[in-house]
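Reader: I'd like to go through this model before I set anything up. Can you take me through the strands, the pockets and the odd backbone spots?

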Amino acid sequence: MSRLINHPGAILRRPALAGVIVALVLSSLVLPAQARETLRIGYQKSSTLITLLKTQGKLEAALAKADIDVSWHEFASGLPLLEALNVGNVDVSADVADTVPIFAQAAQARLTYFAQEAPSPSAQAIVVRKDSPLQQLADLKGKKVAVTKAAGAHYLLIAALNKAGLKFSDIEPAYLSPADGRAAFENGKVDAWVTWEPFLSGVQRQLPTRTLADGSGLASYKRYYLTSTSYAKAHPEVLKLVYEQLQEAGNWAKKHPRDAAQVLGPLWGNLDVETVEAANTHRSYQVQPVKADQLGEQQKIADAFFTAGLLPNAVDAHDVEVWKP
């Protein structure tokens, strides 16, 4: 053994072997590259500002600077979107009508408001065919009215009936999606249709109609952006970036109505540019912070739906978290 130890080759091999061992040990200590964070955004086809940001790539570019990726998740309507938000399948919700968070609260969802669009009352309306015998809201008594359940238009219908001295039970509601509501209205299957933009401008431009009432004086129609309460607490810096991008998108849409319409038209079922422009004149697209002491209309909405027997329990609209930019 002494001959092996003292052999010149053995002396040379020992440092080399030690170097290999050290390299192996050091390589085992190198940590894997940290995975980039991903913001999961839920949206609908009618989510105007988020859709603009998605199509133009501006939000992804802004978040990439903070090493954050984006994944997009499309939903058919607002309620499934907020359900996904509540169970943690998405992190942020694009705009939903003011009624949708109330239904989510009734289902015990814990959500946080992080932005709103200023009121757009003329962006929804109750329409009848031009040759309809219905001339005023009181004439809706006993009639079949198409409306999308839990949409902002649903509350407009309740508020309009109350103004006319009617109860929700005085009409026959036909709960239909916007596409099915348009078909039923066009084919005379319902007496009236309550809808919102861009479906409203679409039917007004393509069919002879009359408007019994829009939201003016009845329903201000705010659009809210929400996140889970846990995400709001853990990632305020991400919400700040999203909020700023939404404000920029809203300002751009108002300053460049033709350009915005050309982007949105194909995404909204190949609507012509003129119809999209008309629809967007009724939307404020003015992104603002949500203030807890300004949720009075949310409470009115909650009370109206509960009184009409459309909510399983009363809702305290102020029992929510509000993120402050």
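Author: One definition before the strands: two strands pair if DSSP finds at least two bridges between them. Also, keep in mind that this is a predicted model.

Reader: Fine. How many bridges join S3 to strand S10, and do they run parallel or antiparallel?

Author: Four bridges join S3 to strand S10, residues 223–228, and the two run antiparallel. Within that pair, Val92 stands opposite Thr227 in S10.

Reader: What does S1 pair with in the parallel sense over two bridges?

Author: With strand S3, residues 92–97. There, Ile41 of S1 stands opposite Val92 in S3. Val92 thus turns up again, having Thr227 opposite it in S10.

Reader: And which strand pairs with S1 over seven bridges?

Author: Strand S2, residues 68–74, which pairs with S1, residues 37–43, in the parallel sense. Arg40 stands opposite Ser71 in that pairing.

Reader: Back to S3. How many of its residues are buried?

Author: Six of the six, so S3 is largely enclosed by the rest of the structure. The cut-off for buried is under 20% relative accessible area.

Reader: OK, pockets. How much space lies in the largest pocket?

Author: About 660 Å³. The elements giving two or more residues to its lining are helix H5 (78–86), S3, helix H7 (152–163), helix H8 (178–186), strand S8 (192–196) and helix H9 (199–206).

Reader: Which residues lie nearest the centre of it?

Author: Ser46, Ala76, Pro178, Trp196 and Phe199, out of 36 residues that line the largest pocket.

Reader: How does the lining divide into nonpolar, polar and charged?

Author: The lining of the largest pocket has 20 nonpolar, 11 polar and five charged residues.

Reader: Which domains does the lining draw on?

Author: Domain 1 (38–119 + 222–269 + 286–322) and domain 2 (124–214) each give at least three residues to the lining of the largest pocket.

Reader: What about closed cavities, how many of 30 Å³ or more?

Author: One. The volume of the largest cavity is about 40 Å³. Helix H6 (100–106) and S4 are the elements that give two or more residues to its lining.

Reader: Which residues line the largest cavity, and what classes do they fall into?

Author: Pro101, Gln105, Ala109, Leu111, Tyr113, Leu226 and Val320 line the largest cavity. By class the lining has six nonpolar residues, one polar and no charged.

Reader: Staying with S4, is Thr112 buried or exposed?

Author: Thr112 is buried, because its relative accessible area is 2% and the cut-off for buried is under 20%. Thr112 lies in strand S4, residues 111–117.

Reader: What does the side chain of Thr112 make a polar contact with?

Author: The side chain of Thr229, in a polar contact of 3.0 Å.

Reader: Now the backbone. Where is the cis peptide bond?

Author: A cis peptide bond joins Glu197 and Pro198, with omega about 10°. Pro198 is placed in the loop between S8 and H9.

Reader: What about phi of Gln108?

Author: Gln108 has a positive phi of about 70° although it is not a glycine. Gln108 lies in the loop between H6 and S4, and with a relative accessible area of 58% it is exposed.

Reader: And what is phi of Ala150?

Author: Phi of Ala150 is near 70°, a positive value in a residue other than glycine. Ala150 sits in the loop between strand S6 (144–147) and H7. Ala150 counts as buried, at 2% relative accessibility.

Reader: Contacts across the sequence, then. How is Pro312 placed relative to Ala106?

Author: Their C-alpha atoms are separated by 7.0 Å, while the two residues are 206 residues apart along the chain. Pro312 is found in the loop between helix H14 (296–307) and strand S12 (321–322). Pro312 is exposed, with a relative accessible area of 67%.

Reader: How far apart are Tyr175 and Thr148?

Author: 27 residues apart in sequence and 5.3 Å apart in space, C-alpha to C-alpha. Tyr175 lies in strand S7, residues 172–175, and counts as partly exposed at 34% relative accessibility.

Definitions and conventions: Residues numbered from 1 in each chain as written. Predicted model: local features only at pLDDT ≥ 70, side-chain atom pairs only at ≥ 80, totals over all residues. Heavy atoms only, no water. 1 Å grid on protein atoms, 1.4 Å probe; cavity = no way out; pocket = protein on both sides within 12 Å on 5 of 7 lines; lining within 4 Å. Points joined across faces, edges and corners; volume = space filled by probe spheres on them. Nonpolar A, V, L, I, M, F, W, Y, C, P; charged D, E, K, R; others polar. Domains from an automatic or database assignment. Buried < 20%, exposed > 50% of the residue type's maximum accessible area, 1.4 Å probe, protein only. Polar contact = N/O pair within 3.5 Å; in protein donor to acceptor, adjacent residues only side chain to side chain.
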